[in-house]
Amino acid sequence: MTVAIDLLSPASFADGQPHEQFRWLRANAPVYRHPEPDGPGFWAVTRYDDVRAVGHDDERFSSVPTIMIPDIEEGLGFEGHQMMLMSDPPYHTRLRRTINREFTPRAAERLRPRIRELAHQIVDAVVERGECDLVVDVAGEMPSFVIAELLGLPLDDGRRLYHLTETIHAAPETQPEGAALGAVLEMFNYAHGVVEEKRRRPGADLATQLLEAEVDGHRLDDIDFNLFFLLLVDAGGDTTRNLVGGGMAALFDHPDERRRLDSDLAGRLPTAVEEMLRWVSPVIYMRRTATGDVELAGTPIAAGDKVVMYYGSANRDERVFADPDRFDLGRTPNEHIAFGGGGPHFCLGAHLARVEVQELLAEMLPRLAELEPAGPVEWLASNFISGPKHLPVRFTPGRRVSARA
Ligand code: HEM
């Protein structure tokens, strides 16, 4: 049987990730030459071991000029500045060192009590209504509040910035021309205001820390700051939201697993969140560019070729995961690579994201009683980020209560 392969069309992602295509590619063409209507084409890498090999090898597979499949348009090169996500060691290492310590497991644990309060506040805002959009009203609130908190901004501004990232990520055909660029500029404008404010009134927050950071003996300039700001707001927003939305959609589709979770929520939550990460894989791909001629799984790749790692496919690789299409909330081991395959760009926010999602589910599942879908799930029209855009739900209205200890 052959399967039509199209990993660019948002239609392929309209019901979640295209697992049928991925399965075929892993079996028949694990390093597949994919055509690209507006570009030279790219190599789609779909097996777990190959994805990890590419992600680890920053010498042969570079993150410059970009990690998206389309090349950066002329004039959008930010005057020689590089965003951390789109840079290579050793410069990348120096950039990452400026904020690393705010994202360690210990730092994430320090934030847990505050994240728990935020989860409580988010659920309180919907609990009396008996219905809501789980993606917009619950899942999306958490990452926007947390990043605002980290950067030392008002929570409402976090929400506004997060809406800008949605516009930045949306497929071009779903919005007016120039909308994404407009959203980037609005984000930079806002970041400029933050610089002025934090210079006047420095705080114990990440924005102030970035302003004071030095790379190679120099302070970050305004463009560096803007790029860092955009990355931090952007990277943790719809990824975390989609994990919660996609994870809940999976729970609705697997009532036995949901009962298993409900029967021992605190005990099962850690492995459940890992399985949701594997299952949803909110980041569909990251691209690298070959720095020289190289071979990958026996396929010759030429210098300058685009090489694209498909995490959602790697996370269903039957060579690594037993019964990979089974949603198993107790799965161990579960060496998924939803946060990347462990190379230098491994997700900086991985520990924080886990705490956010664990706390939100711990608050939401018991309090939104008899939670069930109230309409069809609508998935994001994107070939880069996967998750539901809307997930209408109903539940037995409850009462606002004082926060968990
Ligand atoms: C479920 C939620 C999340 C998922 C699935 C996710 C996934 C990823 C992936 C796949 C990468 C690229 C890894 C690579 O190239 O090897 C990445 C990088 C990154 N993530 Fe996350 N992420 C999530 C949440 C967050 C959060 C909450 C933050 C911070 C607030 C964050 C900040 C970053 C940053 C800064 C990078 C770039 C790291 C670098 O270039 O060194 N992420 N993430």
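Let's start at the metal: C347 is the only protein donor of the ligand's iron atom, with its SG at 2.3 Å (donors are N, O and S atoms within 2.8 Å of the metal, or 3.2 Å for Na, K and Ca; water is not among the atoms, so sites may look incomplete). Keep in mind that this is a predicted model, where local features need pLDDT of at least 70 and side-chain atom pairs count only at pLDDT 80 or more, while totals for chains, interfaces and linings use all residues. Residues are numbered from 1 along each chain as its sequence is written, and side-chain values use heavy atoms, leaving out hydrogens and water.

C347 sits in the loop between helix 14 (311-314) and helix 15 (helices are DSSP runs of H or I with at least four residues, strands runs of E with at least two, numbered from the N terminus). Follow the chain into helix 15 (residues 350-367), and you'll find helix 11 (residues 237-253) packed on it at about 45°, with the axes 10 Å apart. Axes here are lines fitted to C-alpha atoms, for helices over the stretch in contact, and angles run from 0 to 180 degrees between N-to-C directions. On the helix 11 side the contact includes T240, L243 and M248, and on the helix 15 side E356 and L360 are among the residues (contact means heavy atoms within 4.5 Å).

Now for the sheet. It is open, with 5 strands in the order 1-2-10-7-3 and mixed pairing (two strands pair if DSSP finds at least two bridges between them). Strand 1 (31-34) and strand 3 (61-62) are at the edges with a single partner strand each, so one side of each has no neighbour in the sheet. Strand 2 (residues 42-45) and strand 10 (residues 306-310) run parallel, joined by 3 bridges; V45 has M309 as its bridge partner in strand 10.
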